Amino acid sequence: MNFLAHIYLSGNDTLIKLGNFMADGIKGKQYKNYRPQLQKGILLHRSIDSFTDSHPIVKQSTKRLHPKYSHYSGVIVDILYDHFLTKNWKKYNKIPLPQYVEDFYDLLDEHYDILTPSIQRMVPHMIADNWLLSYAEISGIATVLYNMNRRTKNISGMDRAVEDLQLHYHDFENEFTLFFEELRAFCSNRIKELDIQFRLKNT
């Protein structure tokens with residue numbers, strides 16, 4: 001899953017949310033250098049990635065793209081799924097998406113000092129271009145895919161994937177909806193497991 005989904009799936013705990021958001025840049029046992037709630041967010045992020053990568057519905061979405069985009073297909077599906085999360089946001093959260101996104105940007109600003117250096121460098125661009133809200137429009141997805149293609153020196157061809165989104169829109173949306181219900185339940189249970197695990201560790 002991409003940024004917005006990871007943030008949303010963290011629940012309401014600020015540090016779990018931030019740990020989940022910045023987890024990609026924290027490898028192996030480096031997570032142990034952070035305070036417990038951040039550790040939970042990092043471990044939750046890894047669990048989400050493992051659950052997503054192995055899920056048959058996600059594999060179905062990825063398979064549709066694989067002939068054109070090979071190993072980049074999973075990255076593209078992550079982005080497309082965030083589009084459907086923003087599109088259907090009212091089903092998942094009572095807070096309007098613009099307010100939710102603005103509140104998260106405020107969290108980043110308030111806790112900037114605990115973010116990893118790579119995330120610190122990224123945050124100003126994310127806020128300036130309002131990445132999280134831009135996923136709601138196909139034009140926003142097109143921009144994200146264009147920029148990611150540039151980062152691969154135009155090798156991936158990911159910029160063309162917006163055409164696949166439009167061509168198979170309802171298939172991708174149905175797959176997202178089915179998968180996301182399972183992912184939400186998984187994350188709710190995983191957070192409880194992490195709470196118990198860390199409580200036992202500290203007794």
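# Working through helices, rings and a loop

N149 has its place in helix α9. This is a predicted model, where local features need pLDDT of at least 70 and side-chain atom pairs count only at pLDDT 80 or more, while totals for chains, interfaces and linings use all residues. Residues are numbered from 1 along each chain as its sequence is written, and side-chain values use heavy atoms, with hydrogens and water left out. Helices here (H or I, at least four residues) are DSSP runs, numbered from the N terminus.

## Exercise 1: N149 and its surroundings

Work out whether N149 is buried or exposed, and find what N149 touches.

Step 1. Check the cut-offs: buried means under 20% relative accessible area, exposed means over 50%, and partly exposed is in between (1.4 Å probe, protein chains only).

Step 2. N149 has a relative accessible area of 5%, so N149 is buried.

Step 3. Now look for contacts, meaning heavy atoms within 4.5 Å. Leaving out residues up to four places away in sequence, N149 touches N154, I155, S156, G157, M158 and D159.

Step 4. Take D159 from that list: its C-alpha atom is 5.8 Å from the one in N149, though the two residues are 10 apart along the chain.

## Exercise 2: The loop after α9

Find which phi values K153 and N154 take, and say how each sits relative to the surface.

Step 1. Place them: K153 is in the loop between α9 and α10, and N154 is in that loop too.

Step 2. Recall the background: most residues other than glycine have a negative phi.

Step 3. K153 is not a glycine, yet its phi is positive, about 55°. N154 isn't a glycine either, and its phi is positive at about 65°.

Step 4. With a relative accessible area of 71%, K153 is exposed; N154, at 53%, is exposed as well.

Step 5. Compare T152, in the loop between α9 (138-151) and α10 (161-167). T152 is buried, with a relative accessible area of 16%, and it touches Y72 and M158 if you skip residues up to four places away in sequence.

## Exercise 3: Check two helix lengths

Test whether the spans of α4 and α9 agree with what you'd expect.

Step 1. The rule: the expected span is 1.5 Å times one less than the number of residues.

Step 2. Helix α4 (residues 56-69) has 14 residues and should span 20 Å; its end C-alpha atoms are 19 Å apart, which agrees.

Step 3. α9 also has 14 residues and should span 20 Å, and its end C-alpha atoms are 20 Å apart, so that agrees too.

Step 4. Look at the bend in α4, the angle between axes fitted to the seven residues ending at a residue and the seven starting there. A kink of about 35° lies at K63, shortly before the proline P67.

Step 5. List the buried residues. In α4 they are I57, V58, S61, T62, L65 and Y69, and their cover includes α3, α5, α10 and α11. In α9 they are G140, I141, V144, L145, M148 and N149, which pack against α5, α8 (131-134) and α10.

Step 6. Tie in the general picture: an α-helix has 3.6 residues a turn, so residues three or four places apart point the same way.

## Exercise 4: Sort the ring pairs

Decide which kind of pair F51 and F179 make, then do the same for Y92 and F180.

Step 1. Rings of Phe, Tyr and Trp (its six-membered ring) pair if their centres lie within 6.5 Å; planes under 30 degrees apart count as stacked, over 60 as edge-to-face and the rest as tilted. That gives 16 aromatic pairs.

Step 2. The ring centres of F51 and F179 are 6.0 Å apart and the planes are at 25°, so this pair is stacked. F51 sits in helix α3 (residues 36-53) and F179 in helix α11 (residues 169-201), 128 residues apart. Both F51 and F179 are buried.

Step 3. For Y92 and F180 the centres are 5.0 Å apart and the planes at 75°, so the pair is edge-to-face. Y92 lies in the loop between α5 (73-87) and α6 (97-110) and F180 in helix α11, so the pair ties together parts 88 residues apart in sequence.

Step 4. Check burial: Y92 is buried, with a relative accessible area of 8%, and F180 is buried at 0%.

Key: Helix = DSSP H or I, 4+ residues; strand = E, 2+ residues; numbered from the N terminus.
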